[in-house]
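Work through the exercises below with the structure in view, trying each task before reading its solution.

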Protein chains: 2
Amino acid sequence: MTMENGSNYTASKYRTPDGAPADIVIFTITSEPQPTATKSLPKRELQVLLIKRKVWPYEGMWALPGGFSRETESMYETARRELQEETGVDGVHMEYFNVYSGPGRDPRGWIISHAFFALVHEKYLAARAAADDAAEVALFPVSEALTRLELAFDHRRILSDALERVKQSMLVTPIAGEFLPDEFTLGELYQVIRTVVPDFEEANFIRKMKSTQSRSGVLEEIRDVNGEPKKSNRYSQRAAQLYRFTGNLPKLSLYS
Amino acid sequence: MTMENGSNYTASKYRTPDGAPADIVIFTITSEPQPTATKSLPKRELQVLLIKRKVWPYEGMWALPGGFSRETESMYETARRELQEETGVDGVHMEYFNVYSGPGRDPRGWIISHAFFALVHEKYLAARAAADDAAEVALFPVSEALTRLELAFDHRRILSDALERVKQSMLVTPIAGEFLPDEFTLGELYQVIRTVVPDFEEANFIRKMKSTQSRSGVLEEIRDVNGEPKKSNRYSQRAAQLYRFTGNLPKLSLYS
DNA sequence: ATAATAGTGTCTTTTAGACAGTATATT
DNA sequence: AATATACTGTCTAAAAGACACTATTAT
């Protein structure tokens, strides 16, 4: 302990926490080709990565990946490390969103848990799925994890909170891009948004995004080396314009 | 410790945190009547409440109010309790916004700090100002606290983060109401918003809020018992319509 | 009359929103 | 020819935005 000082500080006489873990809610969107007559958009589903616990408490139950923080690292670093160690995922979008500290939430003692969510493109999880024992690490549809699965600790609550947070951010930040390739069509974008926020309905989505001064600069059309619009027909007969996020963010407001 | 179990759990062999405090960034907006010829809107300024530390470390320096969490309470309860104990403030808007856990941030050891912000109407701080010793608890303009004051720990960073968060929320949630009476004029509302977000400029603010279907239901006009529009001339010769927040929140979106 | 805030009139441009229709290329 | 996605035409209504103008009333 760093106690080499001349004061009468006596924190040690108080009860201190038994641990401060980071838990990570890892979301991905899986996409499955549809068995249709011609090219079509894939079926997409929001999934969460869970780990089967191997030790007490809640042994054998599904839980969020995570682990205890060390004195030499920040909580964010803990989360990054655990993400890498437990799932092999690295360098993805990750945000801290809440602390879980209710008394009695962990039978091991006074454990204050710090919850992150990560948004991972399915391609980063492909390698992992092959390597890991599927019985110990698995993806579940979020709706199923919330309703049909009994999760360890208060992880159901954490997952539920994370989902709310991601839904919110989905419409207000460009995080949809985390589930998309660098270049995507507006049809794909719309589909990804709807996968996370099902009640987002915009009849004229494509038209609106194309007008409104390129939607205030959030997106931009991709052009090839000759300055010609770059298009893709991966999901459709008629080729669709490709877009990318610019990084620009208009300030949304209740008042403007 | 809650260790009455039959497992070989051995958290105690690992280093555990030396404390998990909650720190609270308490914002208020002061208003001072202007010495003008006729009635006018007051001068408003965003302020933060700080406490002068009486013990090591950082003895004598200004710091955010806060204190250590106990095993029997959640972090949120800790924050509420400290808010009440240290400043006498209760029942105000308070939100958790981040954790500060960088190694070495506290000379007392491994201290993981949980930061909240509170938004307090100045009327709640009036009583306190009289009771407390001004040398130990004081309000500072936020800009001054960030530039001219040297704060204890990493509290400058925490304050800075809190300010960013409140600026964001100001335009996207109805928290402006926390700094206003229940019934307010659009002039007051505009002034409060600008006090927190100086670069929010809306030439036609009042007009816009009155049109656009009552701004999507965020605000509503106040009517008196006879159904007549209720007005106030507290800040102007010509009486202005009074409004209140409805609690309705339109969903903002980059895409709609 | 002046000051300080609270509005309104008027006009142009942009956006929203609905809905039918056309475009493209694979099967 | 049917299919699945990607658009475009056309219209109407609503909102944004600029800016000059009027309204109110304590001093």
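**Exercise 1.** Find what share of the contacts in chain A between residues at least 6 apart in sequence join residues at least 24 apart, and describe the chain as a whole.

*Solution.* Counting as a contact any pair with heavy atoms within 4.5 Å, one finds that 63% of the contacts in chain A between residues at least 6 apart in sequence join residues at least 24 apart. This is a predicted model, in which local features need pLDDT of at least 70 and side-chain atom pairs count only at pLDDT 80 or more, while totals for chains, interfaces and linings use all residues. Residues are numbered from 1 along each chain as its sequence is written, chains are lettered from A and ligands numbered from 1 in the order in which they are written, and side-chain values use heavy atoms, with hydrogens and water left out. Next, the secondary structure of chain A comprises 6 helices and 11 strands, where helices (H or I, at least four residues) and strands (E, at least two) are DSSP runs numbered from the N terminus. Finally, of the 256 residues in chain A, 48% are buried, meaning under 20% relative accessible area with a 1.4 Å probe and protein chains only.

**Exercise 2.** Check the length of helix α1 of chain A against its expected span, then examine its surroundings.

*Solution.* The expected span is 1.5 Å times one less than the number of residues. Helix α1 (residues 75–87) of chain A has 13 residues and should therefore span 18 Å, which agrees with its end C-alpha atoms, 18 Å apart. Turning to burial, the buried residues of α1(A) include Met75(A), Thr78(A), Ala79(A) and Glu82(A). Just after α1(A) comes Gly88(A), with a positive phi of about 70 degrees.

**Exercise 3.** Decide whether helix α5 of chain A is mostly covered or mostly uncovered.

*Solution.* In helix α5 (residues 186–196) of chain A, 8 of the 11 residues are buried, and the helix is thus mostly covered. Among them are Leu189(A), Val192(A), Ile193(A) and Val196(A).

**Exercise 4.** Determine which rotation superposes chain B on chain A.

*Solution.* Superposing by least squares on the C-alpha atoms of residues with pLDDT of at least 70 in both copies, one obtains a rotation of 180 degrees with 0.0 Å of shift along its axis and an RMSD of 0.0 Å. The two copies are therefore related as by a two-fold rotation axis. The same surface serves both copies, since 100% of the contact residues of chain B recur in chain A.

Note on methods:
Buried < 20%, exposed > 50% of the residue type's maximum accessible area, 1.4 Å probe, protein only.
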